[in-house]
Amino acid sequence: MNVVSDFELLGVTIQVEGRPDMPVRLAPAQGHGAGPPPAPLVLREGSEFRVRLEFAVGAGRDLEGLRFIDERTRQGMTVGHQEILLGDYRRGGPYEIVLPPERLPVGHMARDVYQVIGTFVDKEGRVLGCESHSFEITKDWPH
């Protein structure tokens with residue numbers, strides 16, 4: 001996958017009301033990183049959460065039609081896929097976008113580790129950046 005360098009992902013944070021923000025330790029999307037993948041974030045079943053994206057646009061050119069594609073898998077099977085239009089951005093930043101809230105599923109069948117691959121593309125379909133991380137749904141918050 002050819003990634004264009006007009007875009008720099010600065011951070012991904014999971015926000016849950018009443019809890020401290022949880023920065024995601026980013027790993028390269030295709031497993032190109034050195035060392036083991038980061039441990040999954042632990043989230044309580046049924047929690048409502050938001051994802052905050054922070055990024056900058058390089059000096060090459062402005063970005064039009066920036067989209068974020070989020071694909072989630074569990075035990076190797078796709079369980080979620082969404083594409084969110086983020087808009088147009090001029091060179092510079094940092095920019096911060098908070099995605100619409102989502103609610104985690106509830107029940108023992110939902111408790112598992114989920115892999116997430118987030119891909120940023122422009123209106124021409126050029127891949128600008130990718131990230132991967134994981135989260136675990138548990139019955140309660142960790143102590």
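Okay, let's start with one pair: the side chain of Glu102 makes a polar contact with the side chain of Gln82, at 3.3 Å. By polar contact I mean a pair of N or O atoms within 3.5 Å, where, within protein, one must be able to donate a hydrogen and the other to accept it, and residues adjacent in sequence count only if both atoms are side-chain atoms.

A quick word on the source: this is a predicted model, where local features need pLDDT of at least 70, side-chain atom pairs count only at pLDDT 80 or more, and totals for chains, interfaces and linings use all residues. Residues are numbered from 1 along each chain as its sequence is written, and side-chain values use heavy atoms, with hydrogens and water left out.

Back to Glu102, which lies in strand S8. Strands here are DSSP runs of E, at least two residues, numbered from the N terminus. Leaving aside neighbours within four places in sequence, Glu102 is in contact (heavy atoms within 4.5 Å) with Ser47, Glu48, Phe49, Arg72 and Gln82.

Now Arg72 has another partner: its side chain makes a polar contact with the side chain of Asp70, at 3.0 Å. Asp70 sits in strand S5. Is Asp70 buried or exposed? Asp70 counts as buried, because its relative accessibility is 6%; the cut-offs are under 20% for buried, over 50% for exposed and partly exposed in between, with a 1.4 Å probe and protein chains only.

On to the empty spaces. The second largest pocket has a volume of about 160 Å³. Of the 14 residues lining this pocket, the closest to its centre are Arg72, Val79, Gly80, Glu102 and Phe135. On a 1 Å grid over the protein atoms alone, a pocket is an open set of points with protein on both sides within 12 Å along at least five of seven lines, a cavity is a set where a 1.4 Å probe fits but cannot get out, and lining residues have an atom within 4 Å of a point. Grid points are joined across faces, edges and corners, and volume is the space filled by probe spheres set on the points.

Which strand gives the most to the lining of that pocket? That's S6, with 4 residues.

And cavities? Searching the whole structure turns up 1 cavity of 30 Å³ or more. The largest cavity has a volume of about 130 Å³. Arg72 shows up again here: of 15 lining residues, the closest to the centre of the largest cavity are Ile14, Phe49, Val51, Arg72 and His133.
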